[in-house]
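Hi,

Here is the structure I promised to pass on. Have a look at it first, and then read my notes below.

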Amino acid sequence: MDVQRAPRSVDHSLWRTRLGLAADRLRENWAAFVRARVGVIGLAVIIFYALLAAAHPVLMSTVWDESIYDPVVGYSFDETRQPAPPSLRHPLGTDPLGRDILSQLMFSARSEFMLGLLAAVVTVCIGTMVGAAAAYFGGIVDTILMRLADIMIMMPGISVLIVLSALIGVEHLELGLIIGVLSGFGGTGVVLKSQALSVVVKPYIQAARVAGGGPLHIILVHVVPNLLPLSFLYMMFTVTSAIFSEAVLSFLGLLDIRMSWGLMIHTTESAGYLTQVTEAWWLIFPASLSITLLCSSFYLVGRSLDEVVNPRLRRA
Amino acid sequence: MSAVLSVRPAILASIAAALAVLSACAREDAAEMPIEVTEAAREAATEPAGQAVYRTGIFAEPISRNYWSFYGGPAGSVWTQYVLDGYATTLYGYSDRRFDWVPVIAADFPTDLKKETVDGSEFWTTEVPIKEGVQWSDGEELTAEDVAFTVRTALDLGLGANWARAVDTAFLERVDALDSHQLKVFFKTIDEDGNPQTPGLSVWQFGLGFMPILPERYWAPIVEEAKRAGEPQQQIESLFAHVPDGEPTSNGFTFSRWEAGAFFENEAASNFFRKGAVITQYENGALVETNERLGQVSTFYGEAGGGKSLEYEVGPHASSEIFSIYGNQDAAILALTNGDVDYVFNPLGMERGFQDRVRAAGDLEIVTNPDNSVFYMGFNVRKPPMNVREFRQAVAAVIDKEFVTQSILQGSALPMYAMVPEGNAYWHNPDIDKIGQGLSRGERVERAVDLLKSAGFTYDQEPQIGEDGNVVSSQGQGLKMPDGSDVPGIELIAPSAGYDPLRATFAIWIERWLNDIGIPVRANLAGFNVIVDKLFSDSVAEDLDMWILGWSLTIFPDYMESYFHSRNAPENQDGGENWGGYANQEFDDLAFGLLSETTIEGARDTVFRLQEFLAEDLPYVPLFTIPKLDSYRPSRIEFPYTDVLGGLEGLNGMQQAVLIK
Amino acid sequence: MVGYLLNRTFQILLTLFVFMSIVFFIVNAQPGDVSNVYALNPDLPPETRERLRDLFGVNEPLWKQYLVHVRNTLTGNFGVSFSNYPRSVADIVMERLPRTLALFMTATVLSFYLGFALGKIIAWRRGGWTEYTSTIGGVTLYTVFTPWFGLMMIWLLGFKAGWLPIGKFLDPELWRDAPTDANAVFGMMIATAVAASVIVFAVFALTKKRRGSGAALIRIGSLAGSLLVAVGIWLVAGTGYLAWDIIRHMVLPVVTLTLISFAGTMLLTRSSMLETMREDYVVAARAKGLPEKDVRDRHVARNALLPVVTSFMFSLAFAVDGGVIIESIFSWPGMGQTLVSAAVAEDLPLAVGAFVFVGSFILLAHLAADVLYVYLDPRIRY
């Protein structure tokens, strides 16, 4: 291990040293991450889907005719019977409404990422603030926030989402916010609080206080940065649950959206092809597998990060 | 796959309510063999038929066994309707397949309405004879007292939903039993404001005549107790809360077992009054019912003679019927193909995937029938530009219903132009204006632009058609209203793909086509609740632009009055269903006339004119209807006929007529 | 310790109250009300709709509805379901509850054992291919798109192979003349399971200190014995064939649930084992030259069990939540399906009732986990 490598030359300025150290730590963490192996597989899958998502607009503006390949209003005029099995024109076939499955799959990948990102960012913002505030102030603030967390944890997540989406119009934005809030005020907040507790007792926090730093300043500048590695880990789990929830709700027909993986399965289901596993496999497997793969990949990456971030799980 | 997908109770409630009328025709198919109704004979009769179980699948739980509650709203689901089909009969009903209006337990048609003064007040009165020998399942006679009791209860407690429709307090004064088999009905001759009125077909023949009859002996004490429960609301609650135990029934089946979440079972009533009756329909229109058990041969609508179009014997031929409850349509269809059940009740319409699965099973038959429903796009005609008739016509012209229904939806839907579906043949007017039908894309756009310009609309730049005449090469720009201002952004609110892919698909294509001709429409795909709530909100007149929804329809099309008469606009009547605020004096007069029309021929004439009117003025653009598909196992069960409006499901699976092999 | 538990109980009751309030306002924040459910009937007069509104009390001001709701919840009276009118919510919950419990208790116990056994192994063989395959396999199943996986199971085992019945929880033809109803059988099944577990648990506790084949014999004997007694009682009662019918229908959903949820326990066991393995006494045990299996099972696993056991209570509670999907897919009319259909039908009382019930269940599990923790971990004394 080369943890304590000295600056390479004396004329390096301080930021360079810092950068070097950060790069070293990153390299070391990366090594630990790679050693956990499963995370790498997860990462590969995530990158694969990210590429798919990125390729969609490119394909749409170059080789794919919009009137045929649009994921929502496209229609394949070449096929006489919809859904059509895979062909050269439609590598994954068409859906019961004559739309290209591959195009839908790629288009939806982007919204899945956006949804995951939104939920994750909301979780981290709320979670770190809740954790830091609870640990820093203690007392009544801590009690209130932790009781709130209890409630959030006890919320039967899927059921809450089902009820909400059945009753109010829910689209990706609302879904991301709800999941972010549930997770941020709930489980993530609690975990980050326990981490923050070990931070607020550090001498430099005391020093900052003595130096007259306001609570907000101390929390933002000194506490929150120390929570970020752990919160990054929880981001991964939030992404998993966001994508999973979206798929389930779309599948149940409860979201007012025009296209997503879950909705693709829903379309298959309402057209009656869901149990025709071998006869109409292209309607069932691409979307279902994508949901499964992306969810488990984020989860695996999260687990592997745990090995890196959590000192007790680190190898000797 | 969840409950959600399979069934939205909201829509089902409406389907149930509308089908309640349809269900009356199912009650046509029932009778009784001339056997001694002793306990021993009953057992002997059921013993050999012990295996004859009508095994069917449903995919949601029935709500209640309480018929008052089922017909009165809270329990009015279509699933409840299926399982309670064998419980209550009516005075009149529809004939098989042709939907002629015929007596059921009435011995004959009623006497003509006549004005009569009783105790100083004037009434329209009519008398109805009741058949002798009609028995409840416990062997007691069904009498005129039972009918009078049922009406009295509905009036006294102020029961709602279908009861309120059957027993219309605006018209009905009371029903008396002159003796055990003679009824006298009293209608009011003036309305609340003192204007003269006549109880038309929808009030009397298709209203009160179709009311289910419940047994007085069983229910009278329960109703009495309910009436002591305090406030009217609590009285109703008390009645609805009763769980029947040993309630006698009159339509062929009695309750046997209900294992919640698993199955519902009814037993055949061996003394059903129509058991063994032979129904014969002749090509000349005559209709004969030979009921040996009652010793009665009834002939309606002409003289028997010539070729027969239908003949069958009423059952129940099954000794019992089991409704297996599945969690969703997939499970039910899987069970059907697997041989667990022989027929699946499917109010949602069977999509192509299910059809493929059923066909692949080999031993199942699929029958396709027209359905009595309309899916439409409505306009808020209070607001410009929707208030301009040519604008609405232009919108209708660019909507290629054939393309969406046949190419995109692959025949899952059928295009529609009139407000009465083609399948409802007697009332459907085939000669209405079908704007845009058969035109190419280019011709449609041209037609629409012409229509808009004729009403004073102008373009900065008109839409351009591509060389082959089928593609809009550049969209119309800067469409201005006759007063010179820009056409504002228009919202088209429609069910999302999650709720109904058919309507969502239509909405998306309409958005595209309207944008082509420069109309700035945006399709807002929303949850069903959101749409319904918008329609029922107080600000519907301001907030609504265009919307897509659907109606389940009744055979007698008086619904056109409910949807389009200006008195039914929400601003004129709380809860009115003319959400678009359509108001046209000429139409109002015609539609109102329909309500007091007392002859079928006169009503038909009015209905035809109403359809012509609507097809031109277009407060709604009818979009499509869905074919009704039923699938069953012919090696196990057989129906006397399968070609009928609304399909087998519309007849509640013909429980009293189905043969079990 | 009593003080601590009292304190926790109070906190949990408070939480329940807040939870209940939040639930009420969430459910009431939605647009539309029940009279709209009947709105699409063309022939429904407005007075009728108004009457329906009165009937369901939706015309009362919100705060009044809330007070009624609080009072009702405290008295266990959640009112009358709209969509199952006029049945009471409590009645419906009571009807569905045993079905959910039977299904999820079985599945949770199975997945717990599977997860714990696998977790033990993969922690011990850290870095081996066993770990990677079972981690990836487990996580994939854990995050699998549940509706699809459920359908695949139905299709494969039920439809193609034809081994197991599809949909529902009993066979109508068999139950037509059954002497009792399904819920009575469910109740008896749960009672049997609980009784058998108590006996087995007691035997295990009594033989805790004993070692060797004698103890194993007693344990296996007690297990077999209680099984035999249970089967005997069922046979005598004459409803054994009904229970068997239910069990047959339970296999498919239970297997599916077990497969999708075991990974949670597995991964937790692994982490817990890895942490425990660093403890001094483990190092000491190894240094003494004890066989690996002994060290693993006796020293590490037993201590690593602690956090896993407490998580068991939560997984049971959350199984009810996750069960929404499984119950829908497998046509299993339990609490999950009830909640979904209530939500979709805008059946406010039933949705609230089912919700509060699931929440209370989870809270109780919290409390049970606390008690268990105090009891199991000698290091914690309050």
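How many residues of domain 2 of chain B are in contact with domain 3 of chain B? Four, and they meet four residues of domain 3 of chain B. On the domain 2 side of that contact, one residue is nonpolar, one is polar and two are charged. Measure from centre to centre over the C-alpha atoms and you get 27 Å between domain 2 and domain 3 of chain B. Please keep in mind that this is a predicted model.

Chain B

The domain assignment cuts chain B into four domains, 1 to 4. Domain 1 is assembled from several pieces of the sequence, 31-87, 251-275, 314-371 and 628-661. Domain 2 covers 101-216, domain 3 covers 278-313 and domain 4 covers 373-555.

As for confidence, chain B has a mean pLDDT of 86, with 91% of its residues at 70 or more. The part to treat with care is residues 1-49 of chain B, where the pLDDT is below 50. Even so, the model gives this stretch 158 contacts beyond near neighbours in sequence.

A few backbone details in chain B may interest you if you plan to set up the coordinates for anything. Most peptide bonds are trans, and most residues other than glycine have a negative phi. Here are three places that depart from this:

- The peptide bond from B:Gly315 to B:Pro316 is cis, with omega near 5°. B:Pro316 sits in the loop that runs between strand E15 (308-313) and strand E16 (320-325) of chain B.
- The bond from B:Pro384 to B:Pro385 is also a cis peptide bond, and its omega is near 0°. You will find B:Pro385 in the loop between strand E19 (373-379) and helix H12 (389-398) of chain B.
- B:Arg97 is not a glycine, yet it has a positive phi of about 60°. Its place is the loop between strand E3 (92-94) and strand E4 (101-103) of chain B.

Chain A

Chain A has eleven helices and zero strands. Its C-alpha trace spans about 75 × 50 × 35 Å along the principal axes. The assignment splits chain A into domain 1 (1-35) and domain 2 (41-72 + 101-313), and the C-alpha centres of these two domains are 31 Å apart.

The average pLDDT of chain A is 84, and 92% of the residues score at least 70. Residues 1-10 of chain A have a pLDDT below 50, and this stretch makes seven contacts beyond near neighbours in sequence.

One helix pair in chain A is worth a look. Helix H9 (residues 215-251) and helix H10 (residues 261-270) of chain A pack with their axes 7 Å apart, at an angle of about 25°. An angle under 35 degrees counts as roughly parallel, so that is what H9(A) and H10(A) are to each other. H9(A) passes H10(A) in a right-handed crossing. From H9(A), the contact uses A:Glu246, A:Ala247, A:Val248, A:Leu249, A:Ser250 and A:Phe251. H10(A) brings in A:Trp261, A:Gly262, A:Leu263, A:Ile265 and A:His266. Sorted by class, this contact has seven nonpolar, three polar and one charged residues.

Chain A against chain C

What does the contact between chain A and chain C involve? On the chain A side there are 36 residues, and on the chain C side 39. The chain A elements that give two or more residues are helix H2 (38-61), helix H5 (139-154), helix H6 (157-167), H9 and helix H11 (281-309). So H9 turns up here too, besides packing with H10 in chain A. The chain A side divides into 24 nonpolar, seven polar and five charged residues.

Chain C

In chain C, I looked at helix H6 (residues 129-142) and helix H11 (residues 240-276), whose axes come within 7 Å and cross at roughly 125°. H6(C) and H11(C) are therefore oblique to each other, and the crossing is left-handed. The H6(C) residues involved are C:Gly138, C:Val139, C:Leu141 and C:Tyr142. They meet C:Leu259, C:Ile260, C:Phe262, C:Ala263, C:Gly264, C:Met266 and C:Leu267 of H11(C). By class, that contact has nine nonpolar, two polar and no charged residues.

Cheers

Terms used: Residues are numbered from 1 along each chain as its sequence is written. Chains are lettered from A and ligands numbered from 1 in the order in which they are written. This is a predicted model: local features need pLDDT of at least 70, side-chain atom pairs count only at pLDDT 80 or more; totals for chains, interfaces and linings use all residues. Domain bounds come from an automatic or database domain assignment. Two residues are in contact if their C-beta atoms, placed from the backbone, lie within 7 Å. Ala, Val, Leu, Ile, Met, Phe, Trp, Tyr, Cys and Pro count as nonpolar, Asp, Glu, Lys and Arg as charged, and the others, Gly among them, as polar. pLDDT is the predictor's confidence in each residue, from 0 to 100. Axes are lines fitted to C-alpha atoms, for helices over the stretch in contact, and angles run from 0 to 180 degrees between N-to-C directions. Helices (H or I, at least four residues) and strands (E, at least two) are DSSP runs, numbered from the N terminus. Angles under 35 degrees count as roughly parallel, over 145 as roughly antiparallel, 65 to 115 as roughly perpendicular and the rest as oblique. A crossing is left-handed if the near helix is turned anticlockwise from the far one by less than a right angle, and right-handed if clockwise.
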